[in-house]
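Welcome, and thanks for taking a look at this one with me. Below is a short briefing on charged pairs, contacts and surface features, grouped by topic so you can dip in where you like.

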Amino acid sequence: MNLLALAIWLGVAVSGGLLIRGLHRSLPPAPGPAPALHDLSEAAFMAGGPGAVVDTALVSMLGDGRLVVGGPGIVHVRPGARAYDPAERAVLQAHQAAPSGWLYQVRYAAMLDPAVQETGDALAARGLLSPPGWGRTWRRWGLAQVLVCLFLIPMAVPLTFVAYVLRPGEVQVPFIVKVLPVLLAGIVAGGLCMARAKSRITPEGARAQRVLRSSYVNDRTPHVQTALFGLRGLRDPFLRGQLVPAARATRLAAAQSASRPHRSHSSCGSSADVLPVVVWCAGSGGGGGSGCGSGSSCGSSGSSCSSSGSGSSCGGGSSSCSGSSSSCSSSSGSSCSSSSSSS
């Protein structure tokens, strides 16, 4: 039993050590000293991924009347309305491509716009966000370690009695006492590593986020609060009544699209019938959002795409909301080469 206890100690220690070391070494390096967030669009992406970026643009445009609500969940663009940043341009272009004017369709198509998606690429290049798919291996490893340790704890109880039966009358430390400390440590280490691998925001990103939020601490403008905290920072009841249902509809549409079998991977556009899953579904872990942040859509599957210019080519790849969601980065010219199975 002593050899078995020693083997458990060594196994958990080696697994935990390799997990911590691998997770630490895989963290994206931050080039240069103390990278900062450049604008509110980047802050919104940190708070809730592409969904929060588009939500911020929608709040601004609905707030100043450039967008008007023509019915439940339907929006119209006022004649002559102009965009003041790339996210607002993405909203206007998405509205032109959505003949029905459904807000969730406009929101989703704008999330797929390369200008919105590339915000995440820029943040990742500066070491503020981890790229999609980065933490999948370490989450699975941490989960496996936690499950094995949890399994071994009840198994140690009968082994304790077996040890007494094999050596009756001998004074010995109960087997469960020998292994319980390292099993509990393995559970804690695995859980912490899982949480860290799930978070897209790096330590440098969290610091930059705190600095920018402190600079806007007295600004209660709806679009500023949406950029800093996602939809949970939006207090206007009218705007919440429009955007919260749109965010839910976006998630539902993406999940339904991901669950449908793909025939041959036709085009990846922003139509209502084919809703791919977004490449960047970032946000959480101390950054003010959970899972996909304030409504960025993640399904259980999607095609993995690399955005380039006006289109994106798609290959196969698995994805998850929390780790590596992926999709086709917006454009009617995007094409998919194979179907594939995160927020």
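## Briefing

Glutamate 204 and arginine 207 form a salt bridge, with 3.8 Å between their closest N and O atoms. Please keep in mind that this is a predicted model. The structure holds 5 salt bridges, and the chain is built with 10 helices and 5 strands.

**The pair in helix α8**

- Glutamate 204 and arginine 207 are 3 residues apart in helix α8 (residues 203–215), so about one helical turn separates them.
- Glutamate 204 counts as partly exposed, because its relative accessibility is 23% and the buried class is reserved for values under 20%.
- Arginine 207 is also partly exposed, at a relative accessible area of 44%.
- Elsewhere, Asp64, Arg66 and Glu88 are joined into one network by salt bridges that share partners.

**Inside that network**

- Aspartate 64 and arginine 66 meet through their side chains in a salt bridge, at 2.9 Å from N to O.
- Is each partner buried or partly exposed? Aspartate 64 is partly exposed, with 44% relative accessible area, whereas arginine 66 is buried, at 8%.
- As general background, side chains of opposite charge can pair when their charged atoms come close.

**A bridge between helices**

- Another salt bridge brings together the side chains of arginine 107 and aspartate 55, at 2.8 Å from N to O.
- This pair links distant parts of the chain: arginine 107 belongs to helix α4 (residues 103–111) and aspartate 55 to helix α2 (residues 40–63), with the two residues 52 apart.
- Arginine 107 and aspartate 55 are both buried.

**An arginine in a loop**

- Where does arginine 126 lie? You will find arginine 126 in the loop between α5 (114–125) and α6 (136–166).
- Arginine 126 has a relative accessible area of 16%, so it counts as buried, the cut-off being under 20%.
- What does the side chain of arginine 126 reach? The backbone oxygen of alanine 36 is its partner, at 2.9 Å.

**A positive patch on the surface**

- Arg220, Arg232, Arg235, Arg240, Arg248 and Arg251 form a positive surface patch.
- One of these residues, arginine 251, is found in helix α10 (residues 237–259).
- With 36% relative accessibility, arginine 251 counts as partly exposed; patch members need over 30% relative accessible area and no salt bridge.

**Tryptophan 9 and its partner across the sequence**

- Tryptophan 9 sits in helix α1 (residues 2–26).
- At 39% relative accessibility, tryptophan 9 counts as partly exposed.
- How many residues separate tryptophan 9 and valine 179 in sequence, and what is their C-alpha to C-alpha distance in space? They are 170 residues apart in sequence, and their C-alpha atoms are 6.9 Å apart.

**The chain as a whole**

- The chain has 343 residues, of which 50% count as buried.
- About 15,600 Å² of the chain is exposed, and carbon and sulfur atoms supply 63% of that area.

Notes. Residues are numbered from 1 along each chain as its sequence is written. This is a predicted model: local features need pLDDT of at least 70, side-chain atom pairs count only at pLDDT 80 or more; totals for chains, interfaces and linings use all residues. Side-chain values use heavy atoms; hydrogens and water are left out. A salt bridge is a side-chain nitrogen of Lys or Arg within 4 Å of a carboxyl oxygen of Asp or Glu. Helices (H or I, at least four residues) and strands (E, at least two) are DSSP runs, numbered from the N terminus. Buried means under 20% relative accessible area, exposed over 50%, partly exposed in between (1.4 Å probe, protein chains only). A polar contact is a pair of N or O atoms within 3.5 Å; within protein, one must be able to donate a hydrogen and the other to accept it, and residues adjacent in sequence count only if both atoms are side-chain atoms. Patches are made of residues with over 30% relative accessible area and no salt bridge: like charges are joined within 9 Å, nonpolar side chains (Val, Leu, Ile, Met, Phe, Trp, Tyr) within 5 Å. Accessible areas come from the Shrake-Rupley method with a 1.4 Å probe; for residues, only the protein chains shown count as cover. Lys and Arg count as positive and Asp and Glu as negative; His and the chain ends are not counted. The place of a charge is taken as NZ of Lys, CZ of Arg, CG of Asp or CD of Glu.
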